[in-house]
Amino acid sequence: LVPVEIEERIWAVDTVAASYADVQPKLTLYGQVVAARSSELRSQVSGRAIQVGANFRDGGVVEQGDLLLEIDRFDYETALAEQRSILKEVQISVAKSQRKFDRAKELHAESNVSDEFMDDAELNLSQEEARLEQQQIAVRRAERDLSETLISAPFNGVVSDVAVQLGQQVSISERLADIIDLDRLEVRFSLSNAQFGRLLTEQEAIDGRKVKISWEVGNRSLEFNGHITRAGAEISSSMGGVMVY
């Protein structure tokens with residue numbers, strides 16, 4: 001038998017000249033675009049929804065101060081008028097008690113009335129002043145309740161998850177909708193323990209690190225430049241890493 005001579009296999013490779021350099025590797029990660037600020041709108045008063053803003057609907061874009069929802073104001077307007085009427089009566093009583101006290105003080109200085117008479121006049125004035133303060137609080141509360149019937153957008157944003165319609169009865173603390181601030185979006189992604197530890201060992205802080213964001217929207221790819229603002233306060237046991245924003 002003639003032995004078969006095995007030829008050495010030759011592999012083609014690319015070569016580069018070795019040199020010393022500082023190289024910073026790039027991490028490719030996947031995350032979610034989330035709202036940095038959002039608000040859950042809730043009603044502070046109860047009543048029937050009598051007006052709905054033109055953009056108070058899912059996906060509606062609103063500006064700060066835009067009317068979203070109006071609740072029937074009749075009961076709150078009459079309640080405020082009643083409290084203001086009571087306030088006027090109390091103010092008259094305070095003025096009357098003040099005159100009685102001033103007169104009692106003059107008579108007491110001339111020794112024409114007893115100390116007990118003087119004390120009673122002073123006590124009556126104090127009680128009326130306390131009642132005045134309580135009634136002023138009641139008026140401010142009624143004013144606030146009336147103002148709460150008009151629900152406006154707290155900031156520029158987009159409305160989502162609308163839960164109330166025109167004519168619907170609204171309860172106190174009932175959720176009406178959510179509003180998301182589109183001017184304050186951020187990307188949330190996770191760093192593994194190894195990745196997070198490697199970043200910690202470098203001199204540059206994690207906060208402020210530059211990132212390049214590629215947002216896939218349908219068939220389009222939107223590119224943004226950003227930076228890390230903060231890292232999560234704890235390590236997630238489920239993901240085995242740290243959430244970074």
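**Two helices, one open sheet and a few charged side chains**

Let me start with a single side chain: R131 has a relative accessibility of 37%, and at that value R131 counts as partly exposed. Please keep in mind throughout that what we are looking at is a predicted model.

What does R131 meet? The side chains of R131 and E128 come together in a salt bridge, at 3.1 Å from N to O, and a polar contact of 3.1 Å also joins these two side chains. Both residues belong to helix α2, where they sit 3 residues apart, about one turn of the helix. In general, an α-helix has 3.6 residues a turn, so residues three or four places apart point the same way.

The two partners do not have equal access to the surface, however: R131 is partly exposed, whereas E128, with a relative accessible area of 14%, is buried. The cut-off matters for that reading, because buried means under 20% relative accessible area, and E128 at 14% therefore counts as buried.

Which residues does E128 touch, once those up to four places away in sequence are set aside? The contacts of E128 are with V90, S93, V94 and S97. To take one of them, S97 is 31 residues from E128 in sequence, yet the two C-alpha atoms are 7.3 Å apart in space.

That brings me to helix α1, which runs over residues 74-109. Helix α1 has 36 residues, and from its first C-alpha to its last it reaches 53 Å, which is close to the 52 Å expected at 1.5 Å a residue. The buried residues of this helix are Y76, L80, L87, V90, V94, S97, F101, A104 and L107, and what covers them includes α2. V90, V94 and S97, which I named a moment ago as contacts of E128, are among those buried residues of α1. Helix α2 itself covers residues 115-147, and E128 is found within it.

There is a second link between these helices that I would like you to look at. R84 and E143 form a salt bridge, with the closest N and O atoms 3.1 Å apart. R84 lies in helix α1 and E143 in helix α2, so this pair ties together parts that are 59 residues apart in sequence. As to accessibility, R84 is partly exposed at 40%, and E143 is partly exposed as well, with a relative accessible area of 34%.

How many salt bridges does a search of the whole structure find? The count is 9. One further example is the pair R73 and E77, whose closest N and O atoms are 3.5 Å apart; E77 counts as partly exposed, at 39% relative accessibility.

R73 comes up again when we turn to E70, a residue of strand β5, which spans residues 67-71. E70 is buried yet has no salt bridge, and its nearest side chain of opposite charge, R73, is 4.3 Å away. A salt bridge here requires a side-chain nitrogen within 4 Å of a carboxyl oxygen, so a separation of 4.3 Å does not qualify. Leaving out residues up to four places away in sequence, E70 touches R48, A49, I50, Q51, T149 and L150.

Now to the sheet. In what order do its strands lie? The 4 strands form an open sheet in the order β2-β9-β7-β4, with antiparallel pairing. Strands β2 (38-42) and β4 (61-62) stand at the edges with a single partner strand each, so one side of each is left without a neighbour in the sheet. Strand β4 runs antiparallel to β7, residues 157-160, and 2 bridges join them; the bridge partner of V61 in β7 is V158.

Finally, a word on backbone angles. Most residues other than glycine have a negative phi. Against that background, D161 has a positive phi near 50°; D161 is placed in the loop between β7 and β8 and is partly exposed, with a relative accessible area of 45%. S173, in the loop between β8 and β9, also has a positive phi, of about 70°, although S173 is not a glycine, and at 41% relative accessibility S173 counts as partly exposed. Back at the helices, S111 takes a positive phi of about 60° just after α1.

How values were computed: Residues numbered from 1 in each chain as written. Predicted model: local features only at pLDDT ≥ 70, side-chain atom pairs only at ≥ 80, totals over all residues. Heavy atoms only, no water. Pairing = 2+ DSSP bridges. Helix = DSSP H or I, 4+ residues; strand = E, 2+ residues; numbered from the N terminus. Buried < 20%, exposed > 50% of the residue type's maximum accessible area, 1.4 Å probe, protein only. Contact = heavy atoms within 4.5 Å. Lys, Arg positive; Asp, Glu negative; His and termini not counted. Polar contact = N/O pair within 3.5 Å; in protein donor to acceptor, adjacent residues only side chain to side chain. Expected span 1.5 Å × (residues − 1).
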